[in-house]
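Here is a protein to explore by question and answer. Look it over, then follow the turns below.

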Amino acid sequence: MNCIHFGKCGACDLYQLTYIDALSLKEKRLKELLEPFYKDKIEIFSSPKSNHRARGEFRVWHKDKKAFYALTNLTKDGIEIIKECPKLLEPIQRVWTPLLEEINKDKILKEKLFSVEFLSGLSGEVLITLIYHKRLDDSWKEAAKELEESLGSFIIGRAKKQKEIISRDYINEKIEIDREYFYRYFEGGFTQPNPYINQKMIKWAKDIVKEIKEKDDFLELYCGLGNFTIPLSFEFKKVLATEVSKTSIKNAKINKELNGAFNIEFVRLNAAETYEALNRKREFNRLKGINLEEFNFSTILVDPPRAGLDSSSLELVKQIDNIIYISCNPLSLKEDLKELTKTHKIKRVAMFDQFPYTHHIESGVYLERI
Ligand SMILES: C[S@@+](CC[C@H](N)C(=O)[O-])C[C@H]1O[C@@H](n2cnc3c(N)ncnc32)[C@H](O)[C@@H]1O
């Protein structure tokens, strides 16, 4: 990928190397970090070099009465005006310039516009959130409706304590693994940023699960909108999947219906609460109608935020025989593996290049009880 902003824009900080060299550098780093626990092969999953990013968040910079896209610069002491961003998916590229042109033509759309967020996927729909430092009135809604029609995308306006949905606040996405899975991605919930890599991560996890002999039931923490849960659920008898975000759990329940994955119970519980519930330390109204005694978990998948697992989640994970750990931070993964490898052995490790041209490493580790 070539970008005129390489070396100036802070979004890509590993731009001096070829894609292959950057990938090898990350592999070497992951190998070194995991060395104390694992010396075998790391499975490498590469990304398309450009047009791979399904989410984009840009500041809007106002200069000479015109609006520009902007991002924090590489030295983190200012901004870089962004004229192109080749890593964005094709559907976002399609609306990128027309959106800014329309904003610059219309005072109502432009005034006090603070930032723009894009969300898209492989099925091509685009959701655009315009965030303002002003109250959004009827004239804004009219202008946004016209904008929506001219771009063929979905527009949301946000301001302090205000959310205006012009026609809908989600996109439809379709992911092909062993069959097609259907998802809605709602604005405000977590979605994986690289759909090509996401597909490979789900397939990797599903292939592991297919090999597990005594499958029984499946537990997932940090399940988001059911990204992994739904394709994996068909391999198990019953599934309990928990997550802290209300938006994501609401979204997950819709995705469950869309795919007929009726053996899943999605419950809004944070990871520590899930530990308390499953170890009968506390009762939750949110679990009403679900008999925890009926579950016999053989397998767990965790995909925590950068901080990794907290102490109670670690305790819970260790109680399960087969562990699939998806990590976006190899440092917290390393810390957690210090504990998990006391009871489990690492069988497989994968590196997924979710964030090309950055130092970020996404990885997957599969462990079995010793
Ligand atoms: C890296 S995302 C993974 C989501 C999902 N696995 C996916 O593939 O889309 C991490 C998720 O953890 C959730 N989360 C953050 N802190 C949490 C906590 N303490 N307990 C449970 N979920 C949490 C976030 O809302 C987010 O959905």
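Q: Which side chain of opposite charge is nearest to Arg-55, a buried residue with no salt bridge?
A: This is a predicted model, where local features need pLDDT of at least 70, side-chain atom pairs count only at pLDDT 80 or more, and totals for chains, interfaces and linings use all residues. Arg-55 is buried (under 20% relative accessible area, with a 1.4 Å probe and protein chains only; exposed is over 50%, partly exposed in between). A salt bridge needs a side-chain nitrogen of Lys or Arg within 4 Å of a carboxyl oxygen of Asp or Glu. Arg-55 has none, and at 4.2 Å the nearest side chain of opposite charge is Glu-57.

Q: Where does Arg-55 sit, and which residues does Arg-55 touch, not counting those up to four places away in sequence?
A: Residues are numbered from 1 along each chain as its sequence is written, and side-chain values use heavy atoms, with hydrogens and water left out. Arg-55 belongs to strand β2 (residues 55-63); helices (H or I, at least four residues) and strands (E, at least two) are DSSP runs, numbered from the N terminus. Contact means heavy atoms within 4.5 Å. By that rule Arg-55 touches Leu-88, Ile-92, Phe-118, Leu-119, Phe-190, Thr-191, Gln-192 and Pro-193.

Q: How many helices and strands does the protein have?
A: The elements are counted over the protein. The secondary structure comes to ten helices and 17 strands.

Q: What radius of gyration does the protein have, and why does the value agree with a compact globule?
A: The radius is taken over C-alpha atoms, and the globule rule is 2.2 Å times the number of residues to the power 0.38. For 370 residues, a compact globule would come near 21 Å. That agrees with the value for the protein, 22 Å.

Q: What share of the residues is buried?
A: The protein has 370 residues. Of these, the buried share is 55%.

Q: What percentage of contacts between residues at least 6 apart in sequence join residues at least 24 apart?
A: Pairs at least 6 apart in sequence form the base of this count. Those at least 24 apart make up 65%.

Q: How many salt bridges does the structure hold?
A: The count covers the structure. The number of salt bridges is 26.

Q: Which residue forms a salt bridge with Asp-138, and is Asp-138 buried or exposed?
A: Both partners lie in helix α4 (residues 138-151), three residues apart, about one turn of the helix. Asp-138 has 56% relative accessibility, so Asp-138 counts as exposed. The closest N and O atoms are 3.5 Å apart, and the partner is Lys-141.

Q: How many residues apart in sequence are the parts that Lys-206 and Asp-178 tie together?
A: Lys-206 and Asp-178 form a salt bridge, with closest N and O atoms 2.9 Å apart. Lys-206 lies in helix α5 (residues 195-211) and Asp-178 in the loop between β9 (170-176) and β10 (180-186), so the pair joins parts separated in sequence by 28 residues.

Q: Which partner of the Lys-238 and Asp-217 salt bridge counts as buried?
A: The closest N and O atoms of this pair are 3.4 Å apart. Lys-238 has 26% relative accessibility, so Lys-238 counts as partly exposed. The other partner has 2% relative accessibility and therefore counts as buried: Asp-217.

Q: Which residues do salt bridges with shared partners join into one network?
A: Here bridges link up through partners that they share. The network holds Arg-158, Lys-163, Asp-169 and Glu-187.

Q: What is the phi of Asn-51?
A: Asn-51 lies in the loop between β1 (42-45) and β2. Asn-51 counts as buried because its relative accessible area is 19%. Phi is positive in this residue, which is not a glycine, and lies near 50°.

Q: What phi does Lys-112 have?
A: Lys-112 is in the loop between α3 (107-110) and β5 (113-120). Lys-112 is not a glycine, although its phi is positive: about 60°.

Q: Which residues of helix α9 are buried?
A: Helix α9 (residues 311-318) is mostly covered, with six of its eight residues buried. They are Ser-312, Ser-313, Leu-314, Leu-316, Val-317 and Lys-318.

Q: What distance separates the C-alpha atoms of Ser-332 and Ser-153?
A: Ser-332 is in helix α10 (residues 330-340). At 10% relative accessibility, Ser-332 counts as buried. Ser-332 and Ser-153 are 179 residues apart along the chain, and their C-alpha atoms are separated by 38 Å.

Notes: Lys and Arg count as positive and Asp and Glu as negative; His and the chain ends are not counted.
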